[in-house]
Every structure is written in structure tokens, then in C-alpha cells.
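Hi,

Here is the structure I promised to send you. Have a look at it first, then read on for what turned up.

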Amino acid sequence: MKSFKGEALRWDWRDGVLELTLDRAPGNEIGTVMLGEFEQFVAAAKGLAAETSACVISSAQKSGFSAGADLRELYRGAVALNEKDRSAVVREFLERIHTVLNWLDEAPFVTIAAVHGVCFGGGLELALVCDVIIADKMARFAFPELRLGLIPGFGGIPRLKRDLGNGFVRDLLLTGRSVNATRAQSLGLIAQLAAEGETLKLARSTAAQITKFDATTCAAAKKFIKPIPHEELRREIEIFCELFTRPTVLAALKKFLENTGPMPYQP
């Protein structure tokens with residue numbers, strides 16, 4: 001399937017480049033609807049892999065790339081279940097999202113995240129599976145999960161550790177603070193910094209450059225320089241599930257959802 005338009009995602013294939021666009025108001029929160037369409041995308045991408053050199057992932061939402069997991073859906077689902085069932089449901093979701101993101105991480109073509117605005121939590125974890133992150137100067141990155149009594153659950157910490165120094169990883173995780181695009185570039189998180197509103201244009205030109213190279217060579221180079229931290233990814237799922245069953249997590253999620261202020265992640 002070379003083109004698709006769903007409730008949360010759309011994609012098109014043209015001239016060796018796949019373009020995947022996140023488009024679910026208000027902030028591209030990743031819940032069951034988006035995950036289901038991500039699974040459809042992976043199935044389609046596998047079929048197109050032999051004729052694809054690059055994939056650009058971007059957002060059509062003005063607020064940014066992605067605000068992360070759909071916390072409203074997570075909370076409502078959790079309070080409706082007992083502890084055992086709650087753990088089973090969240091584990092199933094994590095297993096599914098890890099399957100999607102692990103495939104994108106080692107896809108046989110180059111993946112490019114075109115980031116603007118908010119790139120928090122699960123949104124940052126999605127960007128981190130990409131080979132190249134291009135961001136505009138107004139983009140901001142954060143892992144605010146500790147403020148909810150959780151850790152990132154979509155593979156973010158193992159992938160950030162793979163790419164950057166532990167000092168930055170600990171700072172981002174343990175403080176919950178966001179960093180701007182300029183600092184993110186200086187630390188190596190962002191490969192290219194674009195002018196505001198120019199991220200997708202730059203990502204497309206980068207993808208066009210990649211199509212000029214031999215796809216088999218690109219795939220071999222990517223596999224060599226980008227090992228997948230499978231053991232740590234599995235451990236992350238276990239830790240997240242252990243933490244998620246605690247009453248303090250549900251209380252923190254409830255507080256977050258009831259917060260009407262401009263910065264609901266603040267303690």
C-alpha cells in the first residue's frame with residue numbers, strides 16, 4: 001500500500017521516499033488508535049522496503065511532533081481494571097509499540113524525523129528510533145515521565161544511551177526538564193537544525209540526497225553503526241510494568257489530567 005489516510009496517521013510513497021505524517025489532535029498523543037495505524041504502516045513499509053531509500057516522519061499538528069503517550073486513555077483504561085488486568089493490558093501495549101519501534105529502528109532504509117515544537121516522552125522515543133533527527137529552532141525535547149512516577153516505556157532511555165553520553169541522559173530523565181533545539185544539537189541529539197517552519201523541507205532534501213546512494217550499502221552501513229539494545233529494551237518493559245501498578249502512579253496521572261494550567265507536567 002503506497003498511500004493511506006487514517007484517523008491518526010497518513011503516508012505516501014514517491015520516488016523511493018516514504019513520508020509518514022502524524023496527524024491526531026491535539027498533540028499526536030500515542031494511544032491505541034495511533035498504534036494500530038503504526039502497525040499498518042510497518043506492514044506496508046515492509047512491502048515497500050525493496051524500493052525505498054528513505055522515510056521521513058513528520059507532524060501536521062501545529063503544537064509539535066508529539067506530546068507522547070495518550071495519558072487520558074492510559075488513565076481511563078487503568079482505573080477500569082484491577083491490578084492484575086491493568087498490568088496485563090499495559091504490557092500488551094508496550095510489547096506492541098516496541099515491536100513497531102524496533103522494526104523502524106533497524107528498517108533497511110534511512111529514517112528521518114522532522115521535528116518541530118513539542119517532542120516529549122513517547123514522541124521523543126519515536127524520534128530516537130530514526131537515523132537522523134532534523135529539528136527547527138523552536139523544538140523542545142523532554143522525558144517528563146518521572147513526574148508521573150514512571151520511566152519512559154517506548155525504548156527511549158536505551159536508545160538515548162546508545163547515541164549520547166550518560167551525563168545528558170541522566171539529566172534529561174532525572175530532572176524532567178526540557179531542552180531546546182540548540183542545546184540538543186550541541187549534544188548530538190539533532191543532526192541538522194532548521195529555521196522555524198523549514199524542517200520538513202530540509203528533511204525532504206536530505207531524503208532526496210539519500211536516494212542517490214546504493215540502498216544495500218546504506219542498509220549495511222546503518223546496521224554496522226546502529227546496534228539495537230535489545231536486552232535493555234526488554235528490561236525497560238519490566239521496570240515500567242512494575243512501576244505502573246502502584247497507586248501513586250494513578251494518582252499522578254489523575255492530577256495531570258485535572259491540571260488546567262499551561263505546564264501540567266510540573267509537580
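Let's start with charge: the protein carries 33 positive and 32 negative charges, and the mean positions of the two sets lie 4 Å apart. Keep in mind that this is a predicted model, so everything here is computed from predicted coordinates.

Now the overall build. You can pick out eleven helices and eleven strands. The C-alpha trace spans about 55 × 35 × 35 Å along the principal axes. How does the radius of gyration compare with that of a compact globule? For 267 residues such a globule would come out near 18 Å, and the protein has 18 Å, so the two agree.

On to the inside and the outside. Of the 267 residues, 51% count as buried. The exposed surface comes to about 12,500 Å², with carbon and sulfur atoms supplying 55% of it. If you take the contacts with a separation of 6 or more, 74% of them are between residues 24 or more positions apart.

One helix to zoom in on is H1, residues 32-48. Its 17 residues reach 24 Å from the first C-alpha to the last, close to the 24 Å expected at 1.5 Å a residue. Which of its residues are buried? Among them are Met34, Leu35, Phe38, Phe41, Val42 and Leu48, and Glu37 is on the list too. The buried residues of H1 pack against four strands, S1 (3-5), S2 (9-14), S3 (17-22) and S4 (54-59), and also against helices H3 (83-105) and H4 (122-128).

Cheers

Note on methods
Residues numbered from 1 in each chain as written. Predicted model: local features only at pLDDT ≥ 70, side-chain atom pairs only at ≥ 80, totals over all residues. Heavy atoms only, no water. Helix = DSSP H or I, 4+ residues; strand = E, 2+ residues; numbered from the N terminus. Rg over C-alpha atoms; globule rule 2.2 N^0.38 Å. Buried < 20%, exposed > 50% of the residue type's maximum accessible area, 1.4 Å probe, protein only. Contact = heavy atoms within 4.5 Å. Areas by Shrake-Rupley, 256 points an atom, 1.4 Å probe, with all protein chains shown as cover. Lys, Arg positive; Asp, Glu negative; His and termini not counted. Charge placed at Lys NZ, Arg CZ, Asp CG, Glu CD. Expected span 1.5 Å × (residues − 1).
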